[in-house]
Amino acid sequence: MEVKMARRTLLWSMIMGLASFITIQVYGESSSPAAQFSGGHYREQMQKMQSMKASFLRRDLVSLPPSSISPSPSFAQAPSPSVTQSPRVYHVTSYGADPTGQTDSTEALFDAITDALEGPSDGWLMEGIVNLGGAHVDLEGGNYMITRPLRFPVAGRGNLMIHGGTLKASNNFPTDGYLIDLSATSGSEYNYEYVTLRDLMLDSNYRGGGIQVMNSLRTSIDNCYIAHFTTTGILVQGGHETYIRNSFLGQHITAGRDPGERKFSGTAINLMGNDNAITDVVIFSAAIGIMISGQANTLSGVHCYNKAAGFGGTGIYLKLPGLTQTRIVNSYLDYTGIVAEDPVELHISSSLFLGDAYILLKSINGVVNGVNIVDNMFSGSDKGVEIVQLDQRNGPFKMVDQVVIDRNNVKGMNVKATVARGSVQGNGSSWTIDLNPILLFPDLIKHVLYTLITSDRSFPNHALRNMSDNRVFIEANVAVPASVFVMADQGSSYST
Ligand SMILES: *[C@@H]1O[C@H](CO)[C@@H](O)[C@H](O)[C@H]1NC(C)=O
Ligand SMILES: *[C@@H]1O[C@H](CO)[C@@H](O)[C@H](O)[C@H]1NC(C)=O
């Protein structure tokens, strides 16, 4: 009931709005023509008015087909020929697209998208981006075969959705193409804003990729299933805030343990830009699940079982030595791990690493700074695989600071951490505690705390003598039976 009331109130306020605007317009016509509005503003007001009226009419005259709604005389004089009264839903079958996927639908889909992009607009979003007012290109639940990429023919558009069907590449689709391609340029800083691709299955037919987004803002890819790509499922270059949500990507349609897994290739998602998010996404086959070479991207609820590390696969590859600012949380690395090149500001937590999956820090210039790998679960098969490993083939990590690898729980794998504790008991004048089995970085201890407790009530002088090679060496002036407890840290603290 409340909903109904609210709707009625809305309707009334629309009618009131309509009335007050008509008054203004009559005044404008009888005296100075539209002088009280500055050009752009007036146009914008008219367009707002038109769409409001259109939606009002549609509500009232639902039984009439859209084409029968003709503008009333006063609105016919509106100085904006591009504005029509028809709803902005572009049904691809009315352009001749074949929903059975038997014949080539490229031209029909292209025409529908072009009409949507050239359709009526409601002012502007970002500078240079025309607001299409929420236009839809509706795939009407069909499966359409296309022979070339649906590359948007114009840029500088926003507030548009393509949804509800399947696109499949033909057998002669260009292998460097993408089924949906937002790469046209407009000369403005951004090409597109708020383009939504939703409820789509994209089948690249082992020819090329799924979606390409370039220099765009606030792109939403939601509930898509992208399969059979050979290059990249979703490629994001430049721009920011592409949000990839609730989607499934795989080169091969499989559910794990695929006999051909060794040969999986391609990258499911490649983010070559900043400030994007991947949320609740499953990647079930590809050589690399997610490749990231931009900054400040966030991954949450990502499940990668794209290609096992043992077969040469990588779940998440952070290929941006230096400032990455990537956060990976609440994710599931399933037989495939994470590789990070010289990470600076990286956070990995609350994630599950299954099947001996591990994190590899790869040295490029020898820098690791501001890295937290904490509160994760690691589970393996007792093969002695370490949960975090270093690749120092390009040279050792020389600059290690603010790195915390701790508090992970580990079953069937070997723990590695930047904080280690140890103890030793003995009757003598020196005690050595080797922390190499735990500490990740070789020969790096920045801080040590130790306690010496004698068991014979003696009170010797003792001191920390040496901690090189991750071995803590404590010496006393006399031989005593004692236990020594040590805690060492490879560089998490802000020391002065
Ligand atoms: C420790 O060693 C000394 C000789 O080095 C010996 O006299 C002493 O009994 C030992 N104490 C214990 C508790 O074993
Ligand atoms: C510390 O121990 C290493 C061998 O473990 C040795 O080479 C080095 O000289 C020692 N340093 C000192 C100050 O005793």
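Here is a short walk through this structure, from its overall confidence to its strands and its ligand.

Keep in mind that the model is predicted. Across the chain the mean pLDDT is 87, with 82% of the residues at 70 or more. Two stretches deserve a cautious eye. Over residues 1-44 the pLDDT is below 50, and this stretch makes 17 contacts in the model beyond near neighbours in sequence. Residues 46-84 also have a pLDDT below 50, and there the model shows 41 contacts beyond near neighbours in sequence.

Now step back and look at the chain as a whole. Strands number 30 and helices four. Of the 496 residues, 41% are buried. If you take the contacts between residues at least 6 apart in sequence, 65% of them join residues at least 24 apart.

For a closer view of how strands come together, start at strand 5, which spans residues 157-169 and runs parallel to strand 7, residues 192-203, with 10 bridges joining the two. Within this pairing you will find T166 opposite M201 of strand 7. Strand 7 pairs with strand 9 (residues 217-227) as well, again in the parallel sense, over eight bridges. Here R198 stands opposite D222 in strand 9. As you follow these strands, it helps to recall that side chains in a regular strand alternate between the two faces of the sheet.

Finally, turn to the ligand. Around ligand 1 sit N427, D456, A479 and P481. Sorted by class, this shell holds two nonpolar residues, one polar residue and one charged residue.

How values were computed:
Residues are numbered from 1 along each chain as its sequence is written. Chains are lettered from A and ligands numbered from 1 in the order in which they are written. This is a predicted model: local features need pLDDT of at least 70, side-chain atom pairs count only at pLDDT 80 or more; totals for chains, interfaces and linings use all residues. A residue is near a molecule or strand if its C-beta atom, placed from the backbone, lies within 6 Å of it. Ala, Val, Leu, Ile, Met, Phe, Trp, Tyr, Cys and Pro count as nonpolar, Asp, Glu, Lys and Arg as charged, and the others, Gly among them, as polar. A residue is buried if 20 or more other C-beta atoms lie within 10 Å of its own, exposed if 12 or fewer, and partly exposed in between; C-beta atoms are placed from the backbone. Two residues are in contact if their C-beta atoms, placed from the backbone, lie within 7 Å. Two strands pair if DSSP finds at least two bridges between them. pLDDT is the predictor's confidence in each residue, from 0 to 100.
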